[in-house]
Amino acid sequence: MGKKAIKNQLPMRAVASKVGEIIATIASLRGVLKVAPVGAYRRGNSSVSSVTVLAACSPKAHKRVVDRFCRMGVVTARGRDKACIFIGDLRVKLEIVPRGSWGVRLHRRTGPDNHVRTLRTIAKSQGLVLDRNGLWDDDARIAGRSEKGVYEALGEECPEPAKRQ
């Protein structure tokens, strides 16, 4: 009682080709502007319990992207801008994000959580707010479209995902 369930970890080498297929399929759809895996997969961990894929696309493409993604596996959840499927033992989540927030969402979903909190603290120390939609100075968004742009606006180097702690 009180113990957290341990998620099944799959070796990166066992999921890499499937993730590549998912990325290629989503990227090939009309209206998709950007697509990338995030989280532990993007950080290059040796194993993952699931994979999240971000996609930025035109508003008219949302349904088409979610529909196509859901045909790739067994659907466990589905919404307008997100879905979750299983492909064998691999749980894959899709999140469609606003194109203007691509960079900040890429940063947040790549993690890890302590790295995200640290960057938010740096923003706060500069009188700025870093949230899921961008980096803000009062009501003006000053960064968010690119991950590198978020770091640069804070005067920080953008570390490779594998080096984020």
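These legends describe close-up views of a predicted model.

**View 1. Five strands make an open sheet.** The strand order is 2-4-7-6-5, and the pairing is mixed. Strand 2 and strand 5 (74–78) sit at the edges, each pairing on one side only. From one strand to the next, the twist averages 20°. Strands of a sheet pair through backbone hydrogen bonds, either parallel or antiparallel.

**View 2. Strand 5 pairs with strand 6.** The sense is antiparallel, and the pairing runs over four bridges. Look for Ala77: Cys84 in strand 6 stands opposite.

**View 3. Helix 1 and helix 3 meet the strands.** Helix 1 lies across strand 2, strand 4, strand 6 and strand 7. Helix 1 runs at about 165° to strand 2. Helix 3 packs on the sheet and touches strand 2, strand 4, strand 5, strand 6 and strand 7. The directions of helix 3 and strand 7 make an angle of about 175°.

**View 4. The largest nonpolar core has 29 residues.** Ile22, Ile26, Val53, Val65, Phe69 and Val92 have the most contacts inside this core. At least two core residues come from each of helix 1 (12–27), strand 2 (32–38), strand 4 (50–57), helix 3 (62–70), strand 6 (82–87) and strand 7 (90–97). Helix 1 gives the largest share, six residues.

**View 5. Ile22 and the residues it touches.** Which residues does Ile22 touch, leaving out those up to four places away in sequence? They are Val53, Phe69, Met72, Ile87 and Val92.

**View 6. A second core is separate.** This core has ten residues, among them Leu128, Leu130, Leu135 and Val150.

Notes
Residues numbered from 1 in each chain as written. Predicted model: local features only at pLDDT ≥ 70, side-chain atom pairs only at ≥ 80, totals over all residues. Heavy atoms only, no water. Core = buried A, V, L, I, M, F, W, Y, C linked by side-chain atoms within 4.5 Å. Buried < 20%, exposed > 50% of the residue type's maximum accessible area, 1.4 Å probe, protein only. Contact = heavy atoms within 4.5 Å. Pairing = 2+ DSSP bridges. Axes fitted to C-alpha atoms, helices over the stretch in contact; angles between N-to-C directions.
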